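Colleague: I should be grateful for a close look at one part of this model, the strand pairing in chain B. Please define the terms as you proceed.

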Amino acid sequence: MRILIAAVAVALPFSALAQDRGPILSDVVERHIIPGFASLADATGALTQAAQTDCSPNSPDLRAAYHTAFDDWISVSHLRFGPTEVDDRAFALAFWPDTKGFTPKALSGLISNEDAAVESPEEFAETSVAGRGFFALEQMLFDPKFSDQGNEGYRCALIRAITTDIDDNARAINADWGDYATALIQPGDNALYRSDDEALQELYKALVTGLEFTGDTRLGRPMGTFDRPRPNRAEARRSDRSLRHVELSLIALRDLSARLSVDHPEIADDLDSAFDKAIIRAQSLNDPALAGVATPRGRIRVEALQQAINDIRTIASTKLGPTLGINAGFNSLDGD
Amino acid sequence: MPSRRHFLAGLAATSLAPIRGWAAVGSPDYLAAALFPDGSYRLAGLDTGGDILFSLPLPARGHAAAAHPHWAQAVAFARRPGTFAVVIDCTTGTEITRLTAPEGRHFYGHGVFSPDGSRLFTTENDYEAADGVIGVWNTDDYTRMGEFPSGGVGPHDMRLMPDGQTLAIANGGIETHPETGRTKLNLPTMQPRLTYLDVSGTVLEQVELPRALHKNSIRHLAVRRDGLVAFAMQWQGDKAQHPPLLGLHRRGETLRLLSAPEAVQSTLQGYAGSVAFAGDGSTVAITCPRGNALHRFSVADGQLTGVFPLEDVCGLGPGPEGYFFTTGTGIVGELTSGPHISARPDCQWDNHLIPIRKPA
């Protein structure tokens, strides 16, 4: 009988044996996810208040509240599952990349028609996701194109409607995480996650896709090609936040990766020093809107940052994933 | 590898030494791409017993292939966003030539030959415009003749309808750009379509899913002899929802969506990899590598007639008694009343199993 058990045991990935995922799941949910969304909901509440007090695009208080709330969103923007995906909430908070310029079109459409949807949060929530969220607000506050378009009173109402909608979405996500936390911490046969492994896989996927988005999209879009750099495609460049988003997302992902690798100190160390390198590179770039991609020298520095992020991705996929016993087949991972 | 000039010179001599047909390569029944144990990506010719009759190296990971209707030639396509497609002489195991996507285009991984074999059609991305196009190639020398719009964004699989004049195209709806890798750029606004075009590019019919399913990317196709089209989908929406991943459509009619009961459907993680009709056309099946299962349905009434657990199953094609399938764990198998393993070579079979149409 003992021989039989041993035979079964070797057939399993070694790491899958007797790993108790419960503490990791609870730790990530209680210390990484819940506080992040709670903080976002507080900040969007303050943003709505600021817009009610002073809706002028130049208002220092409104702009400060915008930056704080946007910081909080970027710090949770890798957690793209469950409550963020209900009713397209995450897209309504942050419609980017906007490859076809839907956001300025949506805003111009609302302003030129003086669309009455701005007077009712329910109606505004039915308008295009492209004209809502942080990126729509950014253009209203920072893009000269919208500083004198249409009627000033309407622009003010639109800014207030966007902030109220941001707050509604952030609060809805935060509220839904109450129940969703239970689903993630206590998987079961008829639950959303059928096993601890599936729940852990979701968190691992958030880490990997978060790194991918920051490296390939936040940096890759403005980089374009060597012959044709695209500085105007940098995320939130109008409010000089492009590099800040890279830095904030790396800081949040480092926290997640540390919690996921807590039982494997060597991998945790490797990941931590790789994150350190990338974050130091980001902090030393001194190029807030990533405009430097347009010059060869600036581009090389952004490339080096992208490479540092790719190095983290390699450690995550070759060391952390297999060690956590993440089962992903050749085809099931392909996504094609 | 023969040079292009060498190849063209060879063509001039075809009246003396005709290009050999499929029988010359031991009559493979299927083509499939795979990762081999030495780390090479190869295109293999398989028979129904699961024996590998030949295998030829590819420059990078493959996806699907197209088999020439008469000549023992196959075109293996790069996985998106690749820009290569390799034309292979399956009698000698050599590369005849290589197609390179034009500037501003990349391949999506699928293509079809015209019935006479004189043209090759390829699904491609015009990524600056974020529109799908169909490339048209002359198979005499594999030069590009032109292109036309695919009728949507993100065209993936494409099949020739039984009339030989109509292309069925799975416009998956997802916008990507090679500069941002495989990142999906337009999920909130995506609109997948099943598009029918004639071979000159005129849109004959556009089929869209109900609005609530606009995030269900139509990716892969199978066509029954009578023109019934089956399409497999990949859900990009909320994972708490478990929509159908298989649809059936006949030109001019409304589409039908097929699903397992919720408790079973929920295990598929919203992802179907391949679709095929059985050899006799009475059933249709999808492979679900994320759910590690193959689901089979009756075409007549749309009822689920079988759920077969198979790890990382993806490649699927018709067989005389049902289906043939391949898995990422190396299995080549046959599904009749249940699955049977025919062979398990030491390789990881990639997404698709491409039947070779044999001259009657």
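Modeller: Two strands are said to pair if DSSP finds at least two bridges between them. Helices (H or I, at least four residues) and strands (E, at least two) are DSSP runs, numbered from the N terminus. This is a predicted model, in which local features need pLDDT of at least 70 and side-chain atom pairs count only at pLDDT 80 or more, while totals for chains, interfaces and linings use all residues. Residues are numbered from 1 along each chain as its sequence is written, chains are lettered from A and ligands numbered from 1 in the order in which they are written, and side-chain values use heavy atoms, with hydrogens and water left out.

I begin with strand 25 of chain B and its partners. Strand 24 (residues 313–319) of chain B runs antiparallel to strand 25 of chain B, and six bridges join them. Within this pairing, Leu316(B) has Phe325(B) of strand 25 as its bridge partner. The connection from strand 24 to strand 25 of chain B is a hairpin through two residues.

Strand 25 of chain B also pairs with strand 26 (residues 332–335) of chain B, in the antiparallel sense and over four bridges. Here Thr326(B) stands opposite Val332(B) of strand 26. The hairpin of strands 25 and 26 of chain B has four residues between the strands, and in it Gly330(B) takes a positive phi near 105°.

As for its surroundings, six of the six residues of strand 25 (residues 322–327) of chain B are buried, so this strand is largely enclosed by the rest of the structure. Buried means under 20% relative accessible area, exposed over 50%, and partly exposed in between (1.4 Å probe, protein chains only).

Another part of chain B also shows antiparallel pairing. Four strands of chain B form an open sheet in the order 8-9-10-11, with antiparallel pairing. Its edge strands are strand 8 (105–113) and strand 11 (143–149) of chain B, each of which pairs on one side only. On average, neighbouring strands of this sheet are turned by 30° against each other, direction ignored; axes are lines fitted to C-alpha atoms, for helices over the stretch in contact, and angles run from 0 to 180 degrees between N-to-C directions. Eight bridges link strand 9 (residues 119–126) and strand 10 (residues 131–138) of chain B in the antiparallel sense. Glu124(B) stands opposite Val133(B) in strand 10 of chain B.

Chain A, by contrast, has twelve helices and zero strands.
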